[in-house]
Amino acid sequence: MFIQPRKLYFLAVISLAAAAAFAQSSQNTLNVSGLSAPVIVRRDARAIPYIEAQNEPDLYFVQGYVTASDRLWQMDLMRRRARGETAEIFGSPALEDDKLWRRYGFARVAEENLKYLSPELRRVLESYAAGVNAYIATLTPETLPTEFRILQYKPGPWQPSDTIVIGKILADALSSTWRFDLQRAAAASLPADKVKDLTNQVTPYDVILFGSDQMQKPAVAQGRNGKPSNTTLLTPGLSQDSLLAAADRLENIRSRSLAEIGLYAEDLAASNNWVISGKLTADGKPLVANDPHLAATAPGIWYMSQLATPTMRVAGVTIPGVPGVVLGHNEYFAWGATNVGPDVQDVFVETFDGQGTAASPLRYKTPSGWAPATVRTEQIKVRKSLVKSDTDTVSLDVVETRHGPIILEDGGKRYALKWTAFDPQNSEFEAFVNLNRGKNWDDFKRALMTYGGATQNFVYADTSGNIGWYAAGRIPIRKTLSGELPYDGSSDDGEWTGYIPFDELPNLYNPATGLIVTANQRIVGTSYKYPQMSRDAATPWRAHRIFDRLSGRTKLTMDDVRDVQYDIFNLPFSMLAKEITRSAAASPETIAALKDWDGMMRADAKPPVLVNEIRNCIANRIAEANKPVPAAAVRERILFWAVGKEGSKWLPPDFKTWNDLIGVCDKAGRTDLAKRLGADESNWRWENVYRTRFYHPLSAAPLIGGQFLVEPKGVNGSGQTPDVGMFVSMRHIASPGNWDATRFVIPLGQSGDNRSVHFRDQFELWNSGTPAVFPFSRSAVEAAAKSKTTFGPR
């Protein structure tokens, strides 16, 4: 939380005095400066806007206006977070968040990025910004969204660079892997066989889409001296404990900071999608499914819209503040995306010759000698008191080398970060504007050629019956190795020589199997020439379950696809539960609870709670005996095959057998559960452990926070099941050609106003799987419309 509750009592009076809801105008005609022709906006029962314009500038203008009318404070918070400007409204509790994002310099990168945009995208961003600002201009102190009134500030004008900066922080949410480089370097102090286990990605449960797994000797790239350039970084002299602790502190700030705006994706595991050929469906048409997984917030990260001109009709979701449609379909094809998680960041250990002074600027070592470092001073406004808007200014000096900003200092060493998101020529949103207008597979590929955001698995299906998949993004090729370890910044061994060519990125078009499944798993086999593609991929559990549910079936329908999206079978939990009952090492009460469990992660179930406690305990014990290995790595990479294996090198030395460890962990888990959930075991339900909470930055505030709190019960799922519960940020199912049957739902609602009936009116649809149809054709839209507003030129 970045607002201290005791400072917010005074806000209760403000909130209660402003009890009247901010309602969207009910008038049928609204004249606005900036339009060239009338624009019609229809809204259905869920308040989804269907925007019909005669030209694109007017279309994006009204999209900006309408989106701001529903989500303005969310838009402002996201741009502030990305720019490092939240302490100005929240005070000192948000200062460390701002320092993190200021080090990255996203605001500067976004301004630079404007220079490289196509004129077409530049016009789109300008039209959208003009629409947002037209809406802001209508607001009075009485009609400002609730959060602005509580915090006593007004939104500034929306700039095209605000959209771009949101893309940059989204890139962080989906492509931040630099800590893994440090963890791998630290883990090199372990025995070689354990290092091999931790870095081995091949499992019996993998769903590989491109290439194959084959036995091969690992290639070791050579530095200039004939030895791996970063050998010295693998020794215990790396100052492992303090360095990793410093990295963990930054990660804690980052994860909290991203979660508060709905962009956190734990371990980059963010989404499921799949595409099914018409030869496997009941009606002969393809099916596309997509459900992105991001932090649960109120309101959610997605906003539903349809956009139409005489030459384009497209529908789906976008991020508030971003024009167009990011995920959805047009008249010709549907698409979805999941995160790939390749290594697009490198850590460089830089050598400096001192601390630097005004007379002697800070210098760092390069292959050609000492070079001056750049020092960028950031001025951060920090609110003095939540009662008043007065601010102090805190200065932050950010040191940059040729590789990027210094993000860590530890043990006399400084660590610089190089990252594709820092390259202003990489555009996150150009591809989506082109996808919205595309007509076929070739257009789809051409659009993805321009994509410079976090690498995504884009799936595709069109009205001609074709299906496909492309893993698109900018993935660097290094001079030596492939970025898995920190580099010596004084050499050129870690320099980027280019990006993986687009034609060499993994892709499929009309595969013989008729089925393509991605769920953040390793998508390429070991035969693929670029190991950085999937080195940090998620575990295979979700992909394996989805593939298992769909493969070998025919006559599939939308309902079949829906059922897979809501599947809650947990394979690793089920395997561990069977091992616990087989061993008879746990208490009779635990064994009785687990012996007939079906592996389903139901909200009201007790077995998931018991397995989770034992699983976490075993992982923590193993990690403690194998420092500095993170418990998460043990839990996801080691446990599923090591537990119960006699003579396993992973059994902690304090235990003679796995049975001993299981017994101890069962006892410890039960004791801990009694403390946390009470002695009454009827309260040991999964929903009380895997809690569903849609976070709002003001929800913890005394007296006023309750109005923003959304904490429903009865949400199933887990991180290892296709249905990940509250982290499902949207669900989409489409059948190309059957566009009026498209299903689309978000967790809460379209409105960001907590007093609106559309703040959480979609929750039951989202939680239950009841079909939520998103009409597409003009006739279907007109039939579904509950209101109609004509925006006219003033």
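Trainee: Which residue in β16 stands opposite Asp 410?
Mentor: Note first that this is a predicted model, where local features need pLDDT of at least 70, side-chain atom pairs count only at pLDDT 80 or more, and totals for chains, interfaces and linings use all residues. Residues are numbered from 1 along each chain as its sequence is written, and side-chain values use heavy atoms, with hydrogens and water left out. Four bridges join β15 to β16 (residues 413-419) in the antiparallel sense, and two strands pair if DSSP finds at least two bridges between them. Opposite Asp 410, in β16, stands Lys 413.

Trainee: Which strands stand at the edges of the sheet that holds β15?
Mentor: Strands here are DSSP runs (E, at least two residues), as are helices (H or I, at least four), numbered from the N terminus. The open, mixed sheet reads β15-β16-β10-β20. Two of these have a single partner strand each, so one side of each is left without a neighbour in the sheet: β15 (406-410) and β20 (487-488).

Trainee: What angle does helix α9 make with β10?
Mentor: Helix α9 (residues 178-187) packs on this sheet and touches β10 (345-350), β15 and β16; contact means heavy atoms within 4.5 Å. Directions come from lines fitted to C-alpha atoms, for helices over the stretch in contact, and angles run from 0 to 180 degrees between N-to-C directions. For α9 and β10 the angle is about 60°.

Trainee: Now the eleven-strand sheet: by how much are neighbouring strands turned against each other on average?
Mentor: The open sheet runs β1-β26-β2-β3-β6-β7-β8-β9-β17-β18-β22, with mixed pairing. Its edge strands are β1 (29-32) and β22 (507-509), each with a single partner, so one side of each has no neighbour in the sheet. Ignoring direction, the average turn between neighbouring strands is 20°.

Trainee: Which helix packs on β9, β17, β18 and β22?
Mentor: Its direction makes about 10° with that of β18 (467-472). It covers residues 441-449, and its name is α13.

Trainee: How many residues of β2 are buried?
Mentor: Buried means under 20% relative accessible area, exposed over 50%, and partly exposed in between (1.4 Å probe, protein chains only). In a regular strand the side chains alternate between the two faces of the sheet. Val 39, Val 41 and Arg 43 point one way from β2, while Ile 40 and Arg 42 point the other way. The strand is largely enclosed by the rest of the structure, because the buried count is five of the five.

Trainee: Which residue in β3 is the bridge partner of Arg 43?
Mentor: On one side, β2 (residues 39-43) runs antiparallel to β26 (residues 787-793) over five bridges, with Val 39 opposite Phe 791 and Ile 40 bridged to Thr 790. β2 also pairs antiparallel with β3 (residues 49-52) over four bridges. These two form a hairpin with five residues between them, and Ala 47 in the turn has a positive phi of about 70°. Arg 43 has as its partner in β3 Pro 49.

Trainee: What is the geometry of the ring pair Tyr 205 and Phe 640?
Mentor: Rings of Phe, Tyr and Trp (its six-membered ring) pair if their centres lie within 6.5 Å, with planes under 30 degrees apart stacked, over 60 edge-to-face and the rest tilted. The model has 40 such aromatic pairs. For Tyr 205 and Phe 640, the centres are 6.0 Å apart and the planes lie at 75°, so the pair is edge-to-face.

Trainee: How far apart in sequence are the parts that this pair ties together?
Mentor: Tyr 205 is buried at 18%, whereas Phe 640 is partly exposed at 22%. Tyr 205 lies in the loop between α10 and α11 and Phe 640 in helix α20, so the parts tied together are apart by 435 residues.

Trainee: Which ring does the charged end of Arg 414 sit over?
Mentor: A charge sits over a ring if NZ of Lys or CZ of Arg is within 6 Å of the ring centre and within 35 degrees of the ring normal. Lys 194 lies over the face of Trp 650, at 5.0 Å from the ring centre. Arg 414, at 4.6 Å from the centre, sits over the ring of Phe 352.
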